[in-house]
Amino acid sequence: MEHITLLLAIVVVTALVFDFTNGFHDTANAMATTISTGALKPKTAVAMSAVLNLIGAFLSVEVAKTISGGIVNEDGLRTEVIFAALVGAILWNLLTWLLGLPSSSSHALFGGLIGAAVMSAGWSSINGGTVVTKVLLPAIAAPLVAGIAAMLATRLTYRINRNVTDPNQLKSTAKGYRAGQIASAGLVSLAHGTNDAQKTMGIITLALVTSGVLAPGSNPPLWVIVSAGVAIALGTYLGGWRIIRTMGKGLTDLRPPQGFAAQTSAATVILASSHLGFSLSTTQSCSGAVMGAGLGRKGGVVRWSTATRMFVAWGLTLPAAGLVGAAAEFLTKQGTWGIAVTAILLVGGSFAIWLASRRQPVDHTNVNDADGDDEPQGIVTTAIAAVQPPPVGVPAADLITTIPASAPDDPARPPAKV
């Protein structure tokens, strides 16, 4: 600790700020379905998620080692590069939070780090093989695997309970699924802390290595693990209500069995990947699971307009954060004044985004309200609704005659009998 310079201290604090934004940005991953189905009250859900995120931070360091010694070459890497990378990641996190888009905080961090490193030392500073095998491939596979698993689990769940008609049994089954949702949401929170808190641990460890405080290949010190766990837990407790609304109500309408299937599938994928050192996106895993659960229920729908916006955000995250990180690194290379300007731009940009969010605030009191831009019904659903007969025995309020009389000069009118 005695070797920590002012610049390194700024980088550590900035990394913890990113960890904080990661917490409130990705709370939706764990708790959106639980909140939207009413299994837990919003504030209770985020409090439980915060505690389990903190616990999860202590379970593994494999992902942290992937980031601190895998994505970029440590040799010759300057501490300013890590600061620039964090600037790109934080600003992209805040922008997508403002828009309510569940983009990947992980990919924002990777994009910022890659962009800043390339600006500093060129493409040779990037370990392309690690980026492909432990970042890009998991990003494609994770939502697909979680989505297919959630769809199959949902279909199996409804098939098992298709013959249950007794009201008491139905009520007991619903309570059981709500309890299962709470347990599976806790598992997702634990997995989120295990995977995402480690990313901040890895970036702080990388900064300590570049500053000569730690030897290359070192594990994160205990104080790094504790501070990263606390930062992500505090961010989680605030609740990313805008993204929770999108995940819980914007993608599909979930029922407790679907929520249970989605959360269990996502947690399994995240925990397995964490122990293998794959730094996948919990956002993409959970989003894929939610869409799979929506497709798994008969009559369930996925709002593809919302999903399309989300896919676009996923695709833009790496390059957009990379460009901001590269621009920030260009400034920091100019010396002390460049670092100061970068810090001012980060604070000013973050404050401007926060002010914009106050125009239409979303919090625990209105997180389950409809956002007014639901996707229109498909043509088949609309056609069926148009031809469906009214209920038997319920006359229309304004019905005067069922068959209007023909006009006197109507040629189709039969001649009167004499």
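1. A residue is called buried when its relative accessible area is under 20%, and exposed when that area is over 50%. With that in hand, look at the whole protein, which is a predicted model: buried residues make up 50% of its 418 residues.

2. Now for the overall plan. You can find 14 helices here and zero strands, so reading from the N terminus gives α-α-α-α-α-α-α-α-α-α-α-α-α-α, with each helix being a DSSP run of at least four residues. Of the contacts with a separation of 6 or more, 87% join residues that lie 24 or more positions apart.

3. A good pair to pick out is helix α12 (residues 304-332) and helix α13 (residues 336-357). Their axes are 7 Å apart, and the two helices pack at an angle of about 145°. From α12, the contact uses Ala328, Leu331 and Thr332, while α13 brings Gly338, Ile339, Val341, Thr342 and Leu345. Sorted by class, this contact has five nonpolar residues, three polar ones and no charged ones.

4. Next, the outside. The protein exposes about 19400 Å², and 67% of this comes from carbon and sulfur atoms. On the surface there is a nonpolar patch of about 520 Å², made by Leu54, Phe58, Leu222, Val226, Val230 and Leu234. Helix α8 (residues 222-238) gives the most to the patch, with four residues.

5. Finally, try one residue yourself: is Leu222 buried or exposed? Leu222 sits in helix α8. Its relative accessible area is 60%, and because the cut-off for exposed is over 50%, Leu222 counts as exposed.

Key
Residues numbered from 1 in each chain as written. Predicted model: local features only at pLDDT ≥ 70, side-chain atom pairs only at ≥ 80, totals over all residues. Heavy atoms only, no water. Axes fitted to C-alpha atoms, helices over the stretch in contact; angles between N-to-C directions. Contact = heavy atoms within 4.5 Å. Nonpolar A, V, L, I, M, F, W, Y, C, P; charged D, E, K, R; others polar. Patch = residues over 30% accessible without salt bridge, like charges linked within 9 Å, V, L, I, M, F, W, Y side chains within 5 Å. Areas by Shrake-Rupley, 256 points an atom, 1.4 Å probe, with all protein chains shown as cover. Salt bridge = Lys/Arg side-chain N within 4 Å of Asp/Glu carboxyl O. Buried < 20%, exposed > 50% of the residue type's maximum accessible area, 1.4 Å probe, protein only.
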